[in-house]
Amino acid sequence: MKILILCTGNSCRSQMAEGFLKSFDSRLEVFSAGTQPASQANPNAVAAMNELGIDISGNKPKSVDSFLADPFDYVITVCGGAQETCPAFIGKVKTRLHIGFDDPADAVGTTEEVMPVYRRVRDEINNGFKAFYQEKIKLAMDQEADGLKEIVKEKYGKIAAQSKEQNQSSCCGATSCCGDEVDYTIFSEDYSKSHGYNPDADLGLGCGIPTDFANIKEGDHVLDLGSGAGNDCFVVRAIVGESGKVTGLDFTDEMIEKAKANNRKLGYTNVEFIQGDIEQMPIPSDQYEVVVSNCVLNLVPDKQEAFAEIMRVLKHGGHFCVSDVVIKGNLPAMLKQDAEMYAGCVSGAIQLEAYLGIIEQIGFKNVVIHKQKAITIPDSTLLKYLSPGELAELKHGGTGIFSITVSGEKLSPLNPTA
C-alpha cells in the first residue's frame with residue numbers, strides 16, 4: 001500500500017508521520033513532502049524521534065511536486081488548522097484524508113524550551129497515525145497478504161508437479177500458454193556445475209546461487225528457506241558433508257513431497273524437509289550456522305517478520321546469504337500489483353533501499369551485496385501490464401528489476417563488533 005503524507009512548511013510533521021508508519025508495518029510504502037522542504041531533516045524532529053528508537057535523519061525533505069506522477073492509495077495532509085490551508089495534490093489518489101497537528105517548528109526559544117513542543121506533537125502524531133493504521137490499513141493488508149500467500153501456494157503447487165524442462169515449455173506448466181503466461185524461470189541461473197547438483201530437484205525457480213557466497217563449512221547446520229524440490233539443499237549437503245545437517249522449509253505441501261522423494265533417491269540421512277511459513281517458522285531459536293534462500297523472500301508479504309525469524313533461528317555468530325528480487329526506481333503500479341506477476345517474483349519485490357533497511361533494522365551487521373544483476377523481462381510479457389509509453393520509461397528511466405545476493409551476520413553478544 002502506497003501512502004503520501006503532506007504538510008505546509010518544511011515537512012517535519014510529515015516526516016515524523018512517515019517514520020511512525022514505517023515502524024508500524026514494513027509492508028507500507030510511505031513518502032512525505034512539504035510545500036517548502038528544507039535542505040535536511042529537522043534536527044529537533046530527528047532528536048524527538050530518536051528518543052523512541054526511530055531514525056528519520058535520512059529522510060531528505062521533498063517537494064510535493066516530485067510526486068505528482070505517482071499514484072497513491074492514500075494522501076494524508078497533516079497541517080494544523082483548517083484543512084483548506086493544506087497543500088493540494090492533483091495526482092492519482094484513491095483516498096484523501098486530513099489528520100491535523102500543530103507545527104512544532106513554530107516554537108521559539110532554546111533547544112530545551114522547544115523540545116517539549118516537538119515531543120508533544122510527536123506523541124500526537126504517533127497516536128493519530130497508530131489509530132489510522134489499525135482502523136484503515138492493517139486488516140486490509142493482512143487480508144491481502146493471506147490472499148497472496150494462497151496464490152503463491154496454488155501456483156507453486158502446480159509447478160511442483162512438473163520438471164524444469166516441462167515448466168519451461170509445457171502449455172500447462174509454469175510458463176503456461178493456457179491463460180497463465182507468467183514465466184517463473186526467467187530469473188534462474190545455471191546450477192549444473194555446482195557440486196551436489198541434482199537435476200531432478202532443479203525447477204529453475206531461483207534468481208541466483210546463494211551457496212556460492214554463503215561461506216558454508218563442513219559440519220554446519222544450514223536452513224534453506226523456500227527449499228522447493230530441494231535444489232539448494234542438495235548443493236549445501238555436498239558442502240557440509242556427513243557431519244553437517246541441512247533443513248529445507250517450504251510453504252507448499254507439493255514441494256515438500258517432491259523434495260522428500262528426491263532425498264529418498266539420494267539416500268541422505270542428514271537432510272530433512274519440513275512444511276511451514278517463513279513468517280512463523282516451526283523451528284526453535286538459535287539452531288543454524290547459516291540460513292540461505294533463493295528467490296523466495298520477495299514472495300513473503302511481511303519481509304520484516306521474515307528477517308526477524310531468520311535472526312531468531314540463527315546461532316550467535318551465524319549468518320544468512322539470500323538471493324532475491326528487488327526494484328530500483330518506481331515500478332509502474334499495474335505491473336507491481338498484479339497477483340500473477342507477484343507469484344512470478346516481480347510484484348512481491350520491494351525497493352532495494354527498503355530491503356537493505358529492513359535487514360539493518362532487524363540488527364544484522366556486516367551486510368554485503370555480493371552480486372547484482374538486471375533482470376530482462378520480454379516486452380511481450382511487460383506489455384500485458386504496461387502501456388508502450390510506460391514500457392519505454394521502464395527501460396530508459398533508471399527503473400529496473402534486479403536480482404541480488406546479499407549476506408548479513410548475527411553477531412555474538414560476546415563479540416558485538418566483529
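## Isoleucine 159 and its helix

Let's start with isoleucine 159, which sits in helix H3 (residues 111-159). In this predicted model, isoleucine 159 has a relative accessible area of 2%. Since buried means under 20%, isoleucine 159 counts as buried. Now look for glutamate 254: it is 95 residues away along the chain, yet the C-alpha atoms of isoleucine 159 and glutamate 254 are separated by 8.9 Å.

## The protein as a whole

Zoom out, and you'll find 12 helices and 11 strands. The protein has 418 residues, and 53% of them are buried. If you take the contacts with a separation of 6 or more, 73% are between residues 24 or more positions apart.

## How confident is the prediction?

The average pLDDT of the protein is 83, and 84% of the residues score at least 70. Which elements have the lowest and the highest mean pLDDT? Helix H4 (residues 164-169) is at the bottom with 53, while strand E5 (residues 221-225) is at the top with 98.

Go easy on residues 168-179, where pLDDT stays under 50. The model has 25 contacts beyond four places in sequence for this stretch. Where pLDDT is low, don't read the predicted coordinates in detail.

## The seven-stranded sheet

Next comes an open sheet of seven strands with mixed pairing, in the order E7-E6-E5-E8-E9-E11-E10. Strand E7 (271-275) and strand E10 (365-374) are the edge strands. Each has a single partner strand, so one side of each has no neighbour in the sheet. From one strand to the next, the twist averages 20°.

Want to follow one pair by eye? Strand E6 (residues 245-250) pairs with E7 in the parallel sense, over five bridges. Within that pair, leucine 249 is opposite isoleucine 274 in E7.

## Helices on the sheet

Helix H5 (residues 231-240) packs on the sheet and touches E5, E6, E7 and strand E8 (288-294). The direction of H5 makes about 165° with that of E6. Helix H7 (residues 303-313) lies across E5, E8 and strand E9 (314-328), and H7 runs at about 160° to E9.

## Two residues with positive phi

Most residues other than glycine have a negative phi. Aspartate 286 goes the other way, with a positive phi near 60°. You'll find aspartate 286 in the loop between E7 and E8. Aspartate 286 has 38% relative accessibility, so it counts as partly exposed.

Cysteine 295 isn't a glycine either, and its phi is positive at about 60°. This cysteine 295 belongs to the loop between E8 and H7. Is cysteine 295 buried or exposed? Cysteine 295 counts as buried, because its relative accessibility is 3%.

## A buried aspartate

Back towards the start of the numbering, aspartate 25 is in the loop between helix H1 (12-24) and strand E2 (29-34). With a relative accessible area of 3%, aspartate 25 is buried. Leaving out residues up to four places away in sequence, aspartate 25 touches Tyr133 and Met141.

## The second largest pocket

Last stop: the second largest pocket, with a volume of about 190 Å³. Its lining includes Ala374, Leu382, Lys395, Gly400 and Phe402. Helix H12 (388-396) and strand E11 (400-409) are the elements that give two or more residues to this lining. E11 provides the largest share, three residues.

Key: Residues numbered from 1 in each chain as written. Predicted model: local features only at pLDDT ≥ 70, side-chain atom pairs only at ≥ 80, totals over all residues. Heavy atoms only, no water. Helix = DSSP H or I, 4+ residues; strand = E, 2+ residues; numbered from the N terminus. Buried < 20%, exposed > 50% of the residue type's maximum accessible area, 1.4 Å probe, protein only. Contact = heavy atoms within 4.5 Å. pLDDT = per-residue confidence, 0-100. Pairing = 2+ DSSP bridges. Axes fitted to C-alpha atoms, helices over the stretch in contact; angles between N-to-C directions. 1 Å grid on protein atoms, 1.4 Å probe; cavity = no way out; pocket = protein on both sides within 12 Å on 5 of 7 lines; lining within 4 Å. Points joined across faces, edges and corners; volume = space filled by probe spheres on them.
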